[in-house]
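Here are my notes from a pass through the model, in the order I'd look at things on screen. Have the viewer open while you read.

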Amino acid sequence: MTAILPVAQSEIFYPSADGEPVAETYDHLYVLLTTLEVLKQYLADIQATVLANQFLYYAQGYPKLRVAPDVMVIFDVTPGGRDNYKIWEEGQVPSVIFEMTSSGTKDQDQIFKKTLYEQLGVKEYWLFDPKREWQEEQLRGYRLRGEIYEPISDNRSEPLKLRLQAEGRLINFYREDTGEKLLIPGELAQALRDEVVARQQAEEQAEAERQRAEAERQRAEAECQRAEEAQAQVEQLKARLRSLGISDTE
């Protein structure tokens, strides 16, 4: 009988792709990419990473036990992208996961993935239905309390310290400390353009003020010179009168 030897961990292959499309529709893809970019910018100075549609492997030695969250945020790991994410290598479970749901993924999103993320200890799980295909509320969140998910009623993400709001077919994020909205890429680009225009206008206004101040200085100098010339003429006249023996007070 031929012995069957266990496969060494180093020989196990963990794929980074399965040939499936990133998202079902343009709306799903757009909100996925927008959420990824907004959270990447927000967490740029934090020891964290934000991944989108990468395989999340949760059982060492079993490459078929995987899931590909639309967007996941993991804290206390090296920043930057990965082709896939292995929990046992990184040492951290995602803190927040977003799934852009649809009628076609409804059962998987609200049953299988919800149960899996709950068991893995993912602190928050958010379901966003961009086309409003099945969720009464377009954005629905769950927060881990103990070992059980409870519905989020305040639209707050505790790990992210953000308030979430469905607007149109996007998720908008607002800082809890300032109330400031996190700009999506298009809004950020427009804000930068507005900032450039405002800076140019400020520079032009400052230059105009400088030119007005310079013109005022030159006018004042001219007035002063004319006054000095007039005073000199008066002094010359007084001197001539005195030379003629005429008092300048007569």
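The points below go from the cores to the surface and then to the charged pairs.

1. First, a caveat: this is a predicted model. Please read everything that follows as a description of that prediction.

2. Start with the largest nonpolar core, which has 27 residues; L39, F98, L160, I171 and F173 are the members that touch the most others. Several elements feed this core with at least two residues each: helix α1 and the strands β1 (48–51), β4 (71–75), β6 (96–100), β7 (124–128), β11 (162–167) and β12 (170–175). The largest share is five residues, and α1 is where they come from. There is also another core, apart from this one, with 18 residues. Among its members are L51, Y125, W134 and L144.

3. F173 is a handy residue to centre the view on. What is F173 in contact with, once neighbours within four places in sequence are set aside? The list runs T35, V38, L39, F98, L162, R163, L164, E180, K181 and L182. Two of the names there, L39 and F98, also sit with F173 among the core members that touch the most others.

4. Helix α1 covers residues 26–42, and L33 is found in it. L33 belongs to a nonpolar surface patch together with V22 and L29, and the three have about 220 Å² of accessible area together. Is L33 buried, partly exposed or exposed? Its relative accessibility is 40%, so L33 counts as partly exposed. So α1 is worth viewing from both sides: this helix supplies five residues to the largest core, while L33 is part of the surface patch.

5. Next, the hairpin. Strands β8 (residues 139–145) and β9 (residues 148–151) pair in the antiparallel sense, over four bridges. R145 has I148 in β9 as its bridge partner. Two residues lie between the strands, and G146 takes a positive phi near 70° in this hairpin. If you are checking backbone torsions, have a look at G146.

6. R145 turns up again in the charged part of the model. A network of salt bridges links E124, R143, R145, D154, R156, E158 and E176. In total the structure holds 20 salt bridges. As general background, side chains of opposite charge can pair when their charged atoms come close.

7. Helix α4 (residues 185–243) has two pairs to inspect. E221 and R217 lie four residues apart in this helix, about one turn, and their side chains meet in a salt bridge at 2.3 Å, N to O. E221 is partly exposed at a relative accessible area of 45%, and R217 is partly exposed at 37%. The other pair is R226 and E223, whose side chains meet at 2.4 Å, N to O. Why are R226 and E223 separated by about one helical turn? Because they are three residues apart in α4. R226 is partly exposed at 45%, and E223 is partly exposed at 39%.

8. Last, D177 and R175 form a salt bridge, with 2.9 Å between the closest N and O atoms. The two partners fall into separate accessibility classes. D177 has a relative accessible area of 57%, so this residue is exposed, the cut-off being over 50%. R175, at 29%, is partly exposed.

Key:
Residues are numbered from 1 along each chain as its sequence is written. This is a predicted model: local features need pLDDT of at least 70, side-chain atom pairs count only at pLDDT 80 or more; totals for chains, interfaces and linings use all residues. Side-chain values use heavy atoms; hydrogens and water are left out. Two strands pair if DSSP finds at least two bridges between them. Patches are made of residues with over 30% relative accessible area and no salt bridge: like charges are joined within 9 Å, nonpolar side chains (Val, Leu, Ile, Met, Phe, Trp, Tyr) within 5 Å. Accessible areas come from the Shrake-Rupley method with a 1.4 Å probe; for residues, only the protein chains shown count as cover. A salt bridge is a side-chain nitrogen of Lys or Arg within 4 Å of a carboxyl oxygen of Asp or Glu. Buried means under 20% relative accessible area, exposed over 50%, partly exposed in between (1.4 Å probe, protein chains only). A nonpolar core is a set of buried Ala, Val, Leu, Ile, Met, Phe, Trp, Tyr and Cys residues joined through side-chain atoms within 4.5 Å. Contact means heavy atoms within 4.5 Å.
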